[in-house]
Amino acid sequence: MKKHYKALMTEDGESWRNENWNPNPHYLRHCRATHLSSVVSSPYTLMDYFGWASERMPLRYIQRGEKKILEET
């Protein structure tokens, strides 16, 4: 059985590996929504892409992305 590897860069630039990391579909979907929320500003685009029925979920991702941008500046 193949092992899944995840390499992350720590703040000091060193690589960290977790040999037991096994991504599930929910985690991958969350990562995609997080990434797209930083690129797409319309909640309706995210709703259409992910099949969400209400504006609640896309707005949650967009607000988190905006908060992160404000913290970085």
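**Two helices and their buried faces**

In the predicted model, helix α1 keeps three of its residues, Ala33, Leu36 and Ser37, buried. A view down the axis of α1 shows these buried residues within an arc of 105°, so they line one face of the helix. The spacing along the sequence helps to make sense of this pattern: an α-helix has 3.6 residues a turn, so residues three or four places apart point the same way. On the other side of α1, the picture is reversed, with Ser38 and Val39 exposed. What do the buried residues of α1 pack against? Their partners are the helices α2 and α3.

The length of α1 can be checked with a little arithmetic. The helix holds 15 residues, which at 1.5 Å a residue should span 21 Å; the C-alpha atoms at its two ends are 21 Å apart, so expectation and model agree. The N-terminal end of α1 is capped by Asn24. Here a side-chain oxygen of Asn24 lies 3.2 Å from the backbone nitrogen of His26.

Helix α2, covering residues 43–50, can be read in a similar way. Which residues of α2 are buried? They are Pro43, Leu46, Met47 and Phe50. Seen down the axis of α2, the buried residues fall within an arc of 105°, so one face of the helix is lined by them. Tyr44, Asp48 and Tyr49, on the other side of α2, are exposed. The buried residues of α2 pack against α1, which runs over residues 25–39, and against α3, which runs over residues 56–72. Just after α2 comes Gly51, a residue with a positive phi, near 80°.

It is now worth stepping back to the chain as a whole. Three helices and two strands are found in it. In what order do the elements of the chain run from the N terminus on? The order is β-β-α-α-α, with the strands ahead of the helices. Of the 73 residues in the chain, 18% are buried.

Contacts add a view of how parts of the sequence are brought together. Taking the contacts between residues at least 6 apart in sequence, 11% join residues at least 24 apart. The outside of the chain can be described too: about 6,300 Å² is exposed, and carbon and sulfur atoms supply 53% of that area.

Terms used. Residues are numbered from 1 along each chain as its sequence is written. This is a predicted model: local features need pLDDT of at least 70, side-chain atom pairs count only at pLDDT 80 or more; totals for chains, interfaces and linings use all residues. Side-chain values use heavy atoms; hydrogens and water are left out. Buried means under 20% relative accessible area, exposed over 50%, partly exposed in between (1.4 Å probe, protein chains only). Helices (H or I, at least four residues) and strands (E, at least two) are DSSP runs, numbered from the N terminus. The arc is that of the directions from the helix axis to the C-beta atoms. Contact means heavy atoms within 4.5 Å. The expected span of a helix is 1.5 Å times one less than its number of residues. A polar contact is a pair of N or O atoms within 3.5 Å; within protein, one must be able to donate a hydrogen and the other to accept it, and residues adjacent in sequence count only if both atoms are side-chain atoms. Accessible areas come from the Shrake-Rupley method with a 1.4 Å probe; for residues, only the protein chains shown count as cover.
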